[in-house]
Amino acid sequence: MLTKAPKGTRDILPGETSKWQYFERVVSKLAENYGFNELRVPIFEHTDLFARGVGESTDIVTKQMYTFEDKAARSITLRPEGTASTVRAFIEYKMFNQPQPVKMYYLGPMFRYENPQAGRYRQFHQFGVEYFGSIAPEADVETIQLCINIFKELGLKNLSLEINSVGCPNCRQKFQEELKKYLANNLDELCKDCRSRYETNPMRILDCKNKKCNDLLKDDMPLLLDNLCSECDEHFYNVKELLTYVGLDFEVNPKMVRGLDYYTKTAFEVIVDDIGAQSSIGGGGRYDGLVKECGGPETPAVGFAVGIERVLLALENQGVKIPEDNEADAYLVYGGSEAKKECFRMLDKIRSLGYLALMDFEDKSFRAQLKKADKLNAKYAVIIGEEELSEEHVLLRNMKDGNQEKIPMNSFLDKIQELIR
Ligand code: AMP
């Protein structure tokens, strides 16, 4: 117990963090280019926020939340996703009074009690954006463009974009009735969850992971797209037209509803071939009713979330090279205790100039120290033995070509700055 992290969680080890930091740098820069600014919300919120926001009958709320009572008997939940918290912050800080649109992004851990497998964890990480205050189809397309461009910028290939319209509460009502009629004769074949979904929220049956339920939804099933009201229909038409105009390939998947209840009109998902069963690396859509539902003024909004573990897995499986840990600029090598002291003093001086400098303190042989410098891919070895010490020189060895140069100690720091910029 004590020596193993909880099921479904994983440590991001020092060898991997450089990949995460690279991902974070790329996505923050791109999101900022699109006019999004970072928002940092708490890891936990009042349970009601997610129950209300994500939807009482979604899998996330009914089965997957980490909910507990705190010491004052408040019901608290570790956030399972980022949109509800962003909406809460939008309302709490009255961002609706700021000039619209308000565009924010977030990065961080999310928590869902799911069955762990490759690409599915109980603590996982998302990058997401939320775009408040615009009903224009351009806002949907800009959001989708950012999502796709993040993957392209990272070097991912074999991507496909699926879109659908899940309508508004009005057209959905009509669709749900049609769906109920369609399934009415096969109620016994639905799983227990879907039987209750049938009563409370039939659209969620489309999202069931049970194969038997999926098989009941044949090609002749009623589709949301055939039940859209004229406003939703027109919006979907405009989104498709704009996507084509800006050259983004997409496929309409009329059965895609996504696992959260708050979506209205556009829903989208990005799929990648190379990571096995959990092939969705990001998804989102419009949620025009959520701000009002959570107690704010009516505010249209659109956003998406990307699963960071899955993106990194896809990058690895596709053999995309991402920057490794930083390599050392200088490795200090000494022979004897006086030289060790001199190297130790120099170590801090080199670091204060902004370089990555390392040395070993265990009095190893010259050979072993140079081997270590090589292993760490250091650019230069700074060698001080007894001879160098008495002559007040250092031997600077270029580790790439093996060339060595004698440099007077008092001009050594200038030399380093000249060589490494
Ligand atoms: P969602 O918040 O369900 O719309 O999911 C958005 C993205 O988060 C998905 O496309 C996945 O890439 C990622 N994701 C969702 N659930 C998990 C999980 N349990 N483990 C890892 N990644 C996940």
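The exercises below work through the ligand site, the pockets, the cavity and two backbone features of a predicted model.

Local features in this predicted model need pLDDT of at least 70, side-chain atom pairs count only at pLDDT 80 or more, and totals for chains, interfaces and linings use all residues. Residues are numbered from 1 along each chain as its sequence is written, and side-chain values use heavy atoms, with hydrogens and water left out.

**Exercise 1. Describe the shell around the ligand.**

Step 1. Take as near any residue with a heavy atom within 4 Å of the ligand. The ligand has 15 residues around it, of which Arg-112, Glu-114, Tyr-121, Arg-258 and Ser-280 come nearest.

Step 2. Sort the shell by class, with Ala, Val, Leu, Ile, Met, Phe, Trp, Tyr, Cys and Pro as nonpolar, Asp, Glu, Lys and Arg as charged, and the others, Gly among them, as polar. The division is 5 nonpolar, 5 polar and 5 charged.

Step 3. List the polar contacts, which are pairs of N or O atoms within 3.5 Å; within protein, one must be able to donate a hydrogen and the other to accept it, and residues adjacent in sequence count only if both atoms are side-chain atoms. Arg-112 places a polar side-chain atom 2.8 Å from an oxygen atom of the ligand. Ser-280 also has a polar side-chain atom 2.8 Å from a ligand oxygen atom. For Ile-281, a backbone N or O atom lies 3.3 Å from an oxygen atom of the ligand.

Step 4. Find the cover, using accessible areas from the Shrake-Rupley method with a 1.4 Å probe (for residues, only the protein chains shown count as cover). On its own the ligand has 480 Å² of accessible area, and the protein covers 92% of this.

Step 5. Assign the shell to elements, where helices (H or I, at least four residues) and strands (E, at least two) are DSSP runs numbered from the N terminus. Two or more residues come from each of β6 (123-132), β10 (280-286) and β11 (301-307). β10 gives the most, with 3 residues.

**Exercise 2. Locate the ligand among the pockets, and describe the two largest.**

Step 1. Work on a 1 Å grid over the protein atoms alone: a cavity is a set of points where a 1.4 Å probe fits but cannot get out, a pocket is an open set with protein on both sides within 12 Å along at least five of seven lines, and lining residues have an atom within 4 Å of a point. Grid points are joined across faces, edges and corners, and a volume is the space filled by probe spheres set on the points.

Step 2. A molecule sits in a pocket or cavity if more than half of its atoms lie within 2 Å of its grid points. The ligand sits in the largest pocket.

Step 3. The largest pocket holds about 1200 Å³ of space. Its lining has 50 residues, with Arg-258, Gly-259, Glu-269, Ser-280 and Arg-310 closest to the centre. By class these are 20 nonpolar, 16 polar and 14 charged.

Step 4. The second largest pocket has a volume of about 620 Å³. α6 (169-183) supplies the largest share of its lining, 6 residues.

**Exercise 3. Describe the cavity.**

Step 1. The whole structure has 1 cavity of 30 Å³ or more.

Step 2. Thr-58, Asp-59, Arg-197, Arg-204, Asp-207, Cys-208 and Gly-259 line the largest cavity. This lining has 1 nonpolar, 2 polar and 4 charged residues.

**Exercise 4. Place the cis peptide bond and the positive phi.**

Step 1. The bond from Gln-100 to Pro-101 is cis, with omega near 0 degrees. Pro-101 is in the loop between α4 (83-92) and β5 (102-111).

Step 2. Asn-158 is not a glycine, yet has a positive phi of about 55 degrees. The loop between α5 (137-154) and β7 (159-165) holds Asn-158.
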